[in-house]
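Visitor: Hi, I'd like to go through a structure with you. Could you put it up on the screen, please?

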Amino acid sequence: MTANLLKIQLTQRRAEFNGRRSPVSMPQIPVVPENHSHVLAEFDCLDPLLSALRLDSGRLKCTCLGVSRKWLALGTSAGGLHLIQKEGWKQRLILTHKEGSIAQVACCPHDEDFIAVATSQGLVVVWELQLERRGRPERVSVSWEHRGQAVTALCWDASALRVFVGDAGGKVSFLRAGSSKAGKGSGFVIFPVQTVTTVDSRVVQLGYQDGRLLVSSLSRCYLCDTEREKFWRVGNKERDGEYGACFFPQNKGLLVGQPPLLYSARPGSRIWEASFNGEVLSTHQFKQPLACPPLPLITYRDEPQHYDPVPKSPQSIAFSKLLYFGDQNLLTWTDSAIYIFTPHNGQVLLWTEVKDLVDIAVYRNELFCLHGSGRLSHLSLLSAERCVERLLRRESWPLAAMVCCMFQHAITTSRARKAIPIDRLEHLRSQLSSSTHPELTGQLEEIITKLEPLDSASSSRRSSISSHESFNVLDCGIYRVISRRGSQSDEETSSIINHSTSEEERLKEFSFVHEEDPADHDPQSSERTEAERSEQGMQFHLPLSFRPKPPRIALQAVRDSVSSFVKKINTLQMNSELWQRADFRDSGHSEISASYSEEMDNEVYNEMPNTEADMQALRAATERATSQIQDPLVLLDPSCLGETLQEWLTVLQGILGPEELRSAAAADSDVNEPGEERSGYLNSGSEQQDGSLFPSGEPTESITEESGELEEREDKCEMKPDGSNGNHPAPVRVESPEPLPSDLLESLTQLATLHTEMSCFRNQENEAASCTLFLRSYFFLLDQERVRRMCLMCYQDQPEVQSSFIEAMLELTQSSKVVEVIQRGDLLRSLRSLRELQPWSAPPLLAHLHRLYQKHGEAAVRSFTQFYPTITPADVMTMAQQSHFLAYLDNLVQSQTEEHRLSFLQCLLEPESLRQDWLELALTHDAPQRCDTISPDGHPRWHSHRFSWGYGRLLSLLIRLPADLPSKQKMAECCRSHGYWTGYVFLCCELQCREEALSTICQLDDISLLEEVDGVVPQTLEEWKLLIRLSQRCSSAVDSEQVAGSNGSGWSNGSADCGGKINPENLTLMLARTAGPDRAVAVLEECQVHLDLSPHSKLVCELLRVTETRQRAMIQTMLERCDRFLWSQHA
């Protein structure tokens, strides 16, 4: 209804606008392209603050700035540090320094009581503000390590409370902040100041993340592991100039749990994207994307600037600093513009011209800019609709209208109605004067006619909720609404009726579940339900128009959660109906009702002593079985142990077993003679599933009725997927039917779990089915962790056992608050809720992760690495698809440090046969086509080893694992059959098949396989001769294949650098470097290879001869000097 009214109003406004529109065309405000959705806006003026601090004069200026959640820190040329509280822009503190002006300032990101300051003389000070204790600020650490040098960068390690410092000389050190919170003398335990390293040139920018320090200098970018004191260079190419670098956390959306990335600026508007280990993954080119026009800065200072759609020329910019900004963005700047990129898609979010920029500090989506004149500006990155909303609140009418006109594609969508309702835009139009702003007024009217109304479903949902005073959501998913319409007396009079009928009305609301699942439908129960509905006097139904239909899982939870309560209500209603109908029936019926009442009373009176007797019998059987198991002769004999547990199980079945099994036990006790043995529960598992739960003796009437009910249920069971008649699985029992003392429950748990584990050692055809039936019937007695380990070790090939365990855990954890978060579909919040459950227990956590996987698929599996070792790869393997499990395994191994990955992967291989399975799995997923790597005759194709394998890092670890000779041979054959030539060459070398390895390298025709650190270098002259002969033989075949590939074959891997070829000339130069040029020429003659060396090769050989001669002369001179020295000492 609301949507129809909005459409009618919009139609009327569009007609009015068309009627009022002048035939003379007015100048239109240019519209921003649809790929731009954000702007930089300035709402606050900081000039009064600078005036109050006297920082707007020519003598005293602001030199640097830092920002945190609470503070804005301003360093001055006089050595003062002003701490401004962002809320209200009030000055709270001023810290003075006599060691020069303030050069750098950095606020601690996670503890705002600490702030680091560097002065122009090279002094670094860490202040503790002590505002919470209302104390005076204190210098807790001081460093003169950089005296006389200009400090160029500061960076905090908030976890260890230390500050990394970089200067113009290339020195990097860290300073520990000795906090007074830890007590006196805490800062003297460790050296407070230490030098980390000295790089080749001035430090431009520092970054720290998860134990890694990022140092960007004028020429290179370095990565340092501060715990192990190891260094890496990011990339191989140098640079010359100020280029920044920063870490990029991946803690949003589907990337939770992934290691951070790092970005390093390069010349020509390029940025390297590298892994957390410093390996360059890709290069982002922003020269051409920056040819787009800049977006205007939305500011109160100047007249509103319109968007100029004229494209700019491509920009080649040196990004002097890179900052992680907002939500997965990169920010950089020059002296005249601000640039914001989204590196995950390589696009420019926006760039805006801002004059005279000197420095920028960011916090979340806020920017604080320091200009050359000493002026400060406070900018915010906002979406277009949020910017308009804030401008409307500030009553900046022309500016708000201009933003609406520029970003029409964002303002007219229905999503924007949440921030900018239609009435707000109508009010904006009324505030504009058609005489002073004709173009804005006309264009805004046209925009209003194009507005899309808000979703009617969400608006009706809000109106329905707002009509009630309050509501809450029950665990089963039902909304409980507390209405204000009725009076207090009405609520008191109807409270008893509502309490007795609410649970049944819930089932009435969700009765269509039985229609969807005919296997669960019971005709007798449905008849009773219809009769009770017809006889119900007062109906209580709460209209929940704002609540969508719950899913099938929620409905099943509703039915299970209220089943026991409905049974009690049905019993009470049945008894009350008998009493009411007694007055209207004849005398015969009265006698039947009276006799029935007497029988019910007798059963109630006999129930108490029977329950106590059953508990005593169960306790006696449990104690007897426990004492027998403690005998080593019984414990070490599987047959005796099985008989003992079977005897105990018979008693357990008659007392705590399911209803059908209790009836069967009662029938056995009535029919069988005392000396006869009763059939075991597990040994007759197949018979129970066929319906013959009772012996062949004379059955009683109750037994016949119950067996008939069982036959009816079995007849209504659905067909299995394979087409055979399958039995409906027994319900999982997660709660005990009778209250059990804690000591008895503990003994029962030990025996029941032992019985389940003993089934692993029996070799019977129906063992898996029997174990599944026992697990579903007595899950409330089992040790969940031991059952989980049993399923992983013994029943990996029987998924029905594992599925029954998961089903039981899902039902057991249904009432957890985490389930509500998971069902909302937010993966990030779900993982955060699971992390809050620490310390974890594996079975409940496994159930929650199973829900996550069903909801999100591969994205959820990739984040399961954070739950290791509570959740092992074996658990994930039983849950996920093979391709998804492979992604999990790769992430899990890569989460370890590089030196520990191999040993970590080896400890995961239990049993060791998993090595071959995982290898074949990695070779068949995200791999190149086999026809691209293997020729029709089974040989390697030219340069086919350069194809990228999706799980190449995992493959390289798997083939390096220690293994016996047959396993290595099998792995080598597997690599050869799939065309993974790098692994095949490595395994050939380990198997001492060096001739095969050299032959494969010659067919791949890449000399880097011989020259690299891990390359296969010939060790003897015989291997050199063999390699030269093979190269001469393969050169012609490779040339023909390369020509065929250039004529249209599509199996190039896209690499522009194909490396040097393997030919006799290149091999001769390698041999000359190893054994000398004369020996290399002799080997060529022995191989009968007539080779005319190129001028370059001849020059290299001559240089090698000269070098060899000089080395010999130098060695001879050194030996002579040593000899003379020794003789002189002897004399």
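Visitor: Let me jump straight in: is Tyr324 buried, partly exposed or exposed?

Guide: Happy to help, and one thing up front: this is a predicted model. Tyr324 is partly exposed, at a relative accessible area of 25%. The cut-off for buried is under 20%, so that value of 25% for Tyr324 does not qualify.

Visitor: Which ring does Tyr324 pair with, and what is the geometry?

Guide: Its partner is Phe248, in an edge-to-face arrangement. The centres are 5.0 Å apart and the planes make an angle of 85°.

Visitor: Where do those two sit in the chain?

Guide: Phe248 is in strand β18 and Tyr324 is in strand β23, residues 323-325. They are 76 residues apart, and the pair links distant parts of the chain. Phe248 is buried, with a relative accessible area of 4%.

Visitor: What about the rings of Phe319 and Phe341, how are they arranged?

Guide: Their centres are 5.6 Å apart and their planes are at 55°, so this pair is tilted. It also links distant parts of the chain, with the two positions 22 residues apart. Phe319 lies in the loop between β22 and β23, while Phe341 belongs to strand β25, residues 337-342.

Visitor: Are they buried or exposed?

Guide: Both are buried: Phe319 has 0% relative accessibility, and Phe341 has a relative accessible area of 0% too.

Visitor: Which residues form an aromatic cluster with them?

Guide: Phe286, Tyr339 and Trp351 join Phe319 and Phe341 in one aromatic cluster. As for pairs, the structure holds 19 aromatic ones.

Visitor: Now Asn329. Where is it, and is it buried or exposed?

Guide: Asn329 sits in strand β24, residues 329-333. It is buried, with a relative accessible area of 7%.

Visitor: What is Asn329 in contact with, beyond its sequence neighbours?

Guide: Leaving out neighbours within four places in sequence, its contacts include three aromatic names from earlier: Phe248, Tyr324 and Phe341. Also among them are Leu323, Ile340, Thr342, Pro343, Leu349 and Leu381.

Visitor: Back to β18. Which sheet is that strand part of?

Guide: It belongs to an open sheet of four strands, ordered β18-β19-β20-β21, with antiparallel pairing. β18 (245-248) and β21 (280-285) are the edge strands, each pairing on one side only. From one strand to the next, the twist averages 25°.

Visitor: How many bridges join β19 to β20?

Guide: Five, between β19 (residues 261-266) and β20 (residues 270-274). One bridge partnership is that of Ala265 with Ile271 in β20.

Visitor: Switching to helices: how do α29 and α31 cross?

Guide: Their axes come within 10 Å and cross at roughly 105°. The two helices are therefore roughly perpendicular to each other.

Visitor: Which residues make that contact?

Guide: From α29 there are Gln882, Phe885, Leu886 and Leu889, and from α31 there are Trp918, Leu921 and Ala922. By type, that is six nonpolar, one polar and no charged.

Visitor: Last one, the overall picture. How many helices and strands are there?

Guide: The protein chain has 41 helices and 31 strands. Of its 1131 residues, 45% are buried. Considering contacts between residues at least 6 apart in sequence, 60% join residues at least 24 apart.

Key. Residues numbered from 1 in each chain as written. Predicted model: local features only at pLDDT ≥ 70, side-chain atom pairs only at ≥ 80, totals over all residues. Heavy atoms only, no water. Axes fitted to C-alpha atoms, helices over the stretch in contact; angles between N-to-C directions. Parallel < 35°, antiparallel > 145°, perpendicular 65-115°, else oblique. Contact = heavy atoms within 4.5 Å. Nonpolar A, V, L, I, M, F, W, Y, C, P; charged D, E, K, R; others polar. Pairing = 2+ DSSP bridges. Phe/Tyr/Trp six-rings, centres within 6.5 Å; stacked < 30°, edge-to-face > 60°. Buried < 20%, exposed > 50% of the residue type's maximum accessible area, 1.4 Å probe, protein only.
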